[in-house]
Amino acid sequence: GACGDVSAVAYYAGRRLREALDVPVGMLICCVGGTEISNWISRSALTALPEGRAALAEFEKSIEGISDEAFARANADYQARVEAWVERAEALRREKGDVRGVEIAEKVGDFPWPPPPGPGMMRRPGNLFRTMTDRVTPYGARGLFWYQGESDSGKAQAYEALFAALIGDWRRAFESEDLCVIAAQLPGYASDPAAEDWSAIRTAQRRVCERVNGCALACLLDCGESKDLHPWDKRLPGRRMADLALEHAYGMAVDAEAPRLESTSRDGDDLRLRFTKPLAPLRGTGRSLRVNGETVEARVTEGELAIAAKEPVHIEYAMENDPAACLFSEDGLPAFPFEADA
């Protein structure tokens, strides 16, 4: 049946859980597009760490001199522009059927963004925790699907601390210290690397999920759209996140973890990289695999990555904003981005 405006990734994740568990699965949807992670953390948790206090101070500085009345006028004008854009986009959809975001932007213009700043703006630190998360905490929850990070890519340095704080904050709110957290590592997007660092967000997501108990991360390197912030394929991310939930929250033998770099060793003139899962043969050109900053030839031998490198080197894989995934496990899961000295 129709699922209305529900998150498409959550829909496909829920459908996969329902099929695997053979019982109805309830999904509480708390999501707003274009939000920063600090919007989803309580003010009390934000004030408890330096990165949270910095987010609060940055917000206060951004609204200096803006009165409630001025914000109300600016916001009304903004909402009118949004409604006009939506009308044009809907007309295009009626005319052409399903169209991608890139085509909509080409035909009707970019979506009006960002909203105006002001004291009552929705996207302010702590606000969405207060108005959304805290409203659903009377319900019990087995776990949390977390797919966010794009709006923090311009200031990724604080993301690791804030993400860990959010997990602790939500676990306290749900009164569940073992609340399972399944996060989506950001897919590729050709954003300006001088302004945004998607790789740093991915690294922060990985570090938190590795060190915080009860967390797992879905690698989505092969799910992005270079020119569209919103990937077209929602089924694959939903499936991967659900499979991780089946493994970590429900204890099923799904083996949903993506391969991670485990160790490096020397084999004559070759550098051998071992992963937590055997690799399948290299896909594509491998242009996102670099040694000392240069793209190199590599091959997969006996499930390990082999690179010709006689001297100590620095290796990077998929550390760009929009990398080309070429390393996959034998069961089709993309390897996590990494960098290492060997």
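A residue is called buried when its relative accessible area is under 20%. The model described here is predicted.

**Strand 2 and its neighbours**

Strand 2 covers residues 180–184, and five of its five residues are buried. C180, I182 and A184 point one way from the strand, while V181 and A183 point the other way. Residues of both groups are buried. In a regular strand the side chains alternate between the two faces of the sheet.

Strand 2 is paired with strand 1 (residues 143–146) through four bridges, and these two strands run parallel. Within this pairing, W146 has A183 as its bridge partner. Strand 1, helix 7 (residues 159–173) and strand 2 together make a β-α-β unit that is right-handed.

Strand 2 is also joined to strand 3 (residues 215–218), again by four bridges and in parallel. Here A183 stands opposite L217. From strand 2 the chain crosses through helix 8 (residues 198–211) to strand 3, in a right-handed β-α-β crossover. A183 thus takes part in both pairings, with W146 of strand 1 and with L217 of strand 3.

**The antiparallel sheet**

Strands of a sheet pair through backbone hydrogen bonds, either parallel or antiparallel. Another group of four strands forms an open sheet with antiparallel pairing, in the order 7-6-10-11. Strand 7 (294–295) and strand 11 stand at its edges; each has a single partner strand, so one side of each is left without a neighbour in the sheet. The partner of strand 7 is strand 6 (residues 289–291), to which two bridges join it in an antiparallel run. One bridge pairs V291 with E294 of strand 7.

**Aromatic pairs**

How many aromatic pairs does the structure hold? The number is ten. In one of them, the rings of F111 and W113 have their centres 6.4 Å apart and their planes at 40°, so the pair is tilted. F111 is partly exposed, with a relative accessible area of 36%, and W113 is partly exposed at 45%.

F275 and F338 form an edge-to-face pair, with 5.7 Å from centre to centre and 65° between the planes. This pair links distant parts of the chain: F275 lies in strand 5 (residues 270–275) and F338 in strand 11 (residues 338–341), 63 residues apart. Are the two residues of this pair buried or exposed? F275 has a relative accessibility of 5%, so it counts as buried. F338, at 6%, counts as buried too.

Ring pairs also link W40, W146, W170 and F174 into a cluster. W146 is the residue whose bridge partner in strand 2 is A183.

**Cavities and a pocket**

Rolling a probe the size of a water molecule over the atoms shows where empty space is left. The structure holds two cavities of 30 Å³ or more. The table gives their volumes, together with that of the second largest pocket.

| Space | Volume |
|---|---|
| Largest cavity | about 50 Å³ |
| Second largest cavity | about 30 Å³ |
| Second largest pocket | about 450 Å³ |

Which residues line the largest cavity? They are L217, A218, C219, R240, L244, A256, E257, A258 and L333. Strand 3 and helix 9 (235–248) are the elements that give two or more residues to this lining. By class, the lining has seven nonpolar, no polar and two charged residues. L217 of this lining is the residue that stands opposite A183 in the pairing of strands 2 and 3.

The second largest cavity is lined by Q185, S199, R202, T203, R206, M319 and P337. Its lining has two nonpolar, three polar and two charged residues.

The second largest pocket is lined by 22 residues. Those nearest its centre are E36, A55, E58, F59 and K155. Helix 3 (50–62) and helix 7 are the elements that give two or more residues to the lining of this pocket. Helix 3 gives the most, with six residues. By class, the pocket lining has eleven nonpolar, four polar and seven charged residues. Helix 7 is also the helix of the right-handed unit that it makes with strand 1 and strand 2.

Technical notes
Residues are numbered from 1 along each chain as its sequence is written. This is a predicted model: local features need pLDDT of at least 70, side-chain atom pairs count only at pLDDT 80 or more; totals for chains, interfaces and linings use all residues. Side-chain values use heavy atoms; hydrogens and water are left out. Buried means under 20% relative accessible area, exposed over 50%, partly exposed in between (1.4 Å probe, protein chains only). Two strands pair if DSSP finds at least two bridges between them. A crossover is right-handed if, with the strands pointing away from the viewer, the path from the first strand over the helix to the second runs clockwise. On a 1 Å grid over the protein atoms alone, a cavity is a set of points where a 1.4 Å probe fits but cannot get out, and a pocket is an open set with protein on both sides within 12 Å along at least five of seven lines; lining residues have an atom within 4 Å of a point. Grid points are joined across faces, edges and corners, and a volume is the space filled by probe spheres set on the points. Ala, Val, Leu, Ile, Met, Phe, Trp, Tyr, Cys and Pro count as nonpolar, Asp, Glu, Lys and Arg as charged, and the others, Gly among them, as polar. Rings of Phe, Tyr and Trp (its six-membered ring) pair if their centres lie within 6.5 Å; planes under 30 degrees apart count as stacked, over 60 as edge-to-face and the rest as tilted.
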